[in-house]
Structures are given as structure tokens and as C-alpha cells.
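Colleague: I would like to learn how to read the helices, the surface patches and the contacts of a model. Could you take me through them one by one?

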Amino acid sequence: MADKKQPEAEAVEDVAPAETEAPEAEGTEVPESIGLQDLQILAQIVDLASQRGAFRGNELTQVGAVFDKLSTFLNFVAEQNKANEEAEAEAEAEEDSEAPAEAPQGE
């Protein structure tokens with residue numbers, strides 16, 4: 001029975017990219033995109049729903065796997081954003097410390 005669910009999940013993943021490409025090919029309006037905040041809210045919804053018993057026992061494996069992927073992705077993005085902010089702050093600090101030293105030399 002578990003073997004049957006695995007091919008279904010793979011089939012859904014194969015269909016999903018085609019659905020997202022269809023609106024662009026038709027020339028219709030592009031749907032509103034999903035942001036990081038939306039994904040964070042989605043993770044909270046899944047967590048709350050599982051706490052309240054909204055999922056059956058046989059569904060918890062799939063729900064948990066998707067939740068883990070989503071959480072891993074959100075953590076990765078948060079780490080990348082933090083690293084980018086730190087790099088920008090360091091670059092600004094270096095520019096600020098170098099700017100006064102360069103101004104007197106040019107005069």
C-alpha cells in the first residue's frame with residue numbers, strides 16, 4: 001500500500017511544473033507570487049493542523065516530509081539573508097572607514 005502512494009506523489013510532482021508554465025504560454029495574467037512570509041505562514045498552518053489532529057495517521061508521513069522540506073528551505077533562506085545582510089554591513093563599514101582617508105588625498 002505504501003508503494004502505491006509513492007508513485008502517486010511522483011506523478012503529482014511531474015504534473016506541477018506543467019501547471020505553472022501554462023499561464024505564461026497562454027499570455028494571461030501571471031498569478032500573484034508566493035513570498036517567504038507566505039511560506040512561513042503555511043508551515044505554521046501545517047503545524048497547527050497536525051496539533052489539532054486534522055491529518056490521519058497514514059497521511060502524517062507525507063505531511064511531515066513536506067513540512068521538513070519547507071522548514072529546511074525557510075531556514076536556508078533565513079541563513080542566506082543573514083549572511084547577505086552581514087556582508088552588506090561589512091561593506092558599508094569598510095566604505096565609511098575608507099571614504100575619509102581618500103578625500104584628503106584627492107585634495
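Modeller: We will go from the overall fold to the surface and then to single residues. This is a predicted model, in which local features need pLDDT of at least 70 and side-chain atom pairs count only at pLDDT 80 or more, while totals for chains, interfaces and linings use all residues. Residues are numbered from 1 along each chain as its sequence is written, and side-chain values use heavy atoms, with hydrogens and water left out.

Colleague: How many helices and strands are there in the chain?

Modeller: Helices (H or I, at least four residues) and strands (E, at least two) are DSSP runs, numbered from the N terminus. Here the chain has three helices and zero strands, and along the sequence the pattern reads α-α-α.

Colleague: What share of the residues counts as buried?

Modeller: A residue is buried under 20% relative accessible area, exposed over 50% and partly exposed in between (1.4 Å probe, protein chains only). Of the 107 residues of this chain, 7% are buried. The chain exposes about 9300 Å² (Shrake-Rupley method, with only the protein chains shown counting as cover for residues), and carbon and sulfur atoms supply 53% of that area.

Colleague: Which residues form the negative surface patch?

Modeller: Patches are made of residues with over 30% relative accessible area and no salt bridge (a side-chain nitrogen of Lys or Arg within 4 Å of a carboxyl oxygen of Asp or Glu). Like charges are joined within 9 Å, and nonpolar side chains (Val, Leu, Ile, Met, Phe, Trp, Tyr) within 5 Å. Asp and Glu count as negative, with the charge placed at CG of Asp or CD of Glu. The patch here consists of E85, E86, E88, E90, E92, E94, E95 and D96; D96 lies in helix 3 (residues 60–106) and is exposed, at a relative accessible area of 56%.

Colleague: Which residues form the nonpolar patch?

Modeller: I41, L42 and I45 form it, with about 260 Å² of accessible area together. L42 belongs to helix 2 (residues 36–51) and is partly exposed, at 41%.

Colleague: Which residues does L36 touch?

Modeller: Contact means heavy atoms within 4.5 Å. Not counting residues up to four places away in sequence, L36 touches F73, L74, V77 and N81. L36 lies in helix 2, and its C-alpha atom is separated by 8.5 Å from that of V77, 41 residues apart along the chain.

Notes:
Areas by Shrake-Rupley, 256 points an atom, 1.4 Å probe, with all protein chains shown as cover.
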